Amino acid sequence: MDLPNLTIGNRTARLPIVQGGMAVRISLAPLAAAVAREGGVGVIAGSGLSPEELAAEVRAAREQTDGVLAVNVMVAVRQFKELVQAAIAEDIDIVIAGAGFSRDVFTWCHEAGVEIVPIVGSARVAKLSEKFGASAVIVEGYEAGGHLGTDRPMLDLLPEILDAVDLPVIGAGGVVTGADIKRVLDAGAAGVQMGSRFAATVESSASDAFKQMYLDATEDDIVIVKSPVGLPGRAIRNPFVERLERGDVPRIERCIACLKECHRDYCIIDKLVKAQQGDVVNGLVFAGSSAARIQDVPTVKELMERLVEEFHAASSEDASG
Ligand SMILES: Cc1cc2nc3c(=O)[nH]c(=O)nc-3n(C[C@H](O)[C@H](O)[C@H](O)COP(=O)(O)O)c2cc1C
């Protein structure tokens, strides 16, 4: 069995693999362009960037590929509108909106002929997304890295989302191999979104120290933390997470009110940027539960080829077993 294409509205990717948007500054033009070039959907994370910076990343990625490119912006970010509009002005193919629900984004995208794909954690929000004109939905389960909108595993949520909507449904959370992709497609998904696996690639803009945290992590090291966004998040235990667990959180030194609502326990952007830049002691290293299964840092090309091979191997095992 071959991997199917993934069609989202008027855009078709050769492979049903969406590289998850990863803020802050982890999935930028180099990663997104490499994924799109290899036939997947490359996603630039906009949260934590200025609209001008996001526009420049979209432009840089577009110069490198005519594959399918998306931006991911958290609805919770104060500059949500400006970021989405900056990406639309650069002719982005798809806008992916997570961490909240926005009605307006449907209007902006429809007017511009851009596909809109919300990230959902329930059948109710999936139905609402369909009603407003989503081109697909991403179902993110509890295994995922970053902020979490549900406490249920992806394969547990998927059937009810498939029942609720007549749209392509993309499964996210816990997918790192071609065999994992097969399991999710066999369960009825049109594609997968993979974050952690792409964070540990050569083209990811995470620091080497960040990638090394993934290589060294065991299952016990991957924990849930409280984020000031008001959602739990999944990250790798480090001295900063230990301080959080003890309630010994560092004071916010500078606030630019980047989120619509912030609990201000600590500055999430500052902590994510620190980790991205290599301070994995004081920064926050977001990672999915399956980061413990990641053992190398391949190029995107090597990874995509491996995923396809693993998918074929899992398909022939199924056929012979
Ligand atoms: C380092 C990191 C940063 C992330 N940042 C974002 C983000 O900015 N917006 C978002 O919607 N999801 C974000 N995610 C979630 C991913 O896009 C993806 O859905 C998730 O990682 C899938 O789970 P996996 O890591 O098990 O593959 C992030 C994940 C990671 C690991």
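Let me start with helix α11, where the buried residues are Ile268, Asp270, Lys271, Leu272, Lys274, Ala275 and Gln276. Please keep in mind throughout that this is a predicted model. Those buried positions amount to 7 of the 10 residues of the helix, which spans residues 268-277, so α11 is largely enclosed by the rest of the structure. If you look for what does the enclosing, the cover over the buried residues of α11 includes α9 (208-216) and α10 (239-246). Directly after the helix comes Gly278, and its phi is positive, near 120°.

Helix α7, residues 178-186, can be described along the same lines. Its buried residues are Gly178, Asp180, Ile181, Lys182 and Val184, and among the elements that cover them are the strands β10 (169-172) and β11 (191-194), together with helix α12 (300-320). Here too a glycine follows, since just after α7 we find Gly188 with a positive phi of about 110°.

Now to the domains. The domain assignment of the protein chain gives domain 1, covering 15-205, and domain 2, covering 208-291. Measuring between C-alpha centres, so to speak, the computed separation of domain 1 and domain 2 is 21 Å. How many residues of domain 1 are in contact with domain 2? There are 24 of them, and they meet 22 residues of domain 2. On the side of domain 1 that touches domain 2, β9 (146-147) and α8 (196-199) each supply at least two residues, and by class that side divides into 11 nonpolar, 10 polar and 3 charged residues.

The next topic is the nonpolar core. The largest one has 115 residues, and the residues with the most contacts inside it are Ala32, Val71, Val95 and Val137. Helix α1, residues 29-37, contributes the largest share of this core, namely 7 residues, while domain 1 and domain 2 each provide at least three residues to it. To take Val71 as an example, and leaving aside its neighbours within four places in sequence, its contacts are Val43, Ile44, Gly46, Leu54, Val58, Ala87, Ile92, Val95 and Ile96.

Is Ala45, in strand β4 (residues 41-45), buried or exposed? With 28 C-beta neighbours inside 10 Å, against a cut-off of 20 or more, Ala45 counts as buried. Not counting residues up to four places away in sequence, Ala45 touches Gly21, Met22, Ala23, Ile26, Ser27 and Asn72. There is also a pairing with Leu28 to point out, in that Ala45 and Leu28 stand 17 residues apart in sequence, yet 6.5 Å apart in space from C-alpha to C-alpha.

Finally, let me turn to a pair of helices. The axes of α5 (residues 123-132) and α6 (residues 154-164) come within 9 Å and cross at roughly 30°, and the crossing is right-handed. Which residues meet there? From α5 they are Ala123, Ala126 and Lys127, and from α6 they are Glu160, Ile161 and Ala164. Sorted by class, this contact of α5 with α6 has 4 nonpolar residues, no polar ones and 2 charged ones.

Key:
Residues numbered from 1 in each chain as written. Predicted model: local features only at pLDDT ≥ 70, side-chain atom pairs only at ≥ 80, totals over all residues. Core = buried A, V, L, I, M, F, W, Y, C linked by C-beta atoms within 7 Å. Buried ≥ 20, exposed ≤ 12 C-beta atoms within 10 Å, placed from the backbone. Helix = DSSP H or I, 4+ residues; strand = E, 2+ residues; numbered from the N terminus. Domains from an automatic or database assignment. Contact = placed C-beta atoms within 7 Å. Nonpolar A, V, L, I, M, F, W, Y, C, P; charged D, E, K, R; others polar. Axes fitted to C-alpha atoms, helices over the stretch in contact; angles between N-to-C directions. Left-handed = near helix turned anticlockwise from the far one by under 90°.
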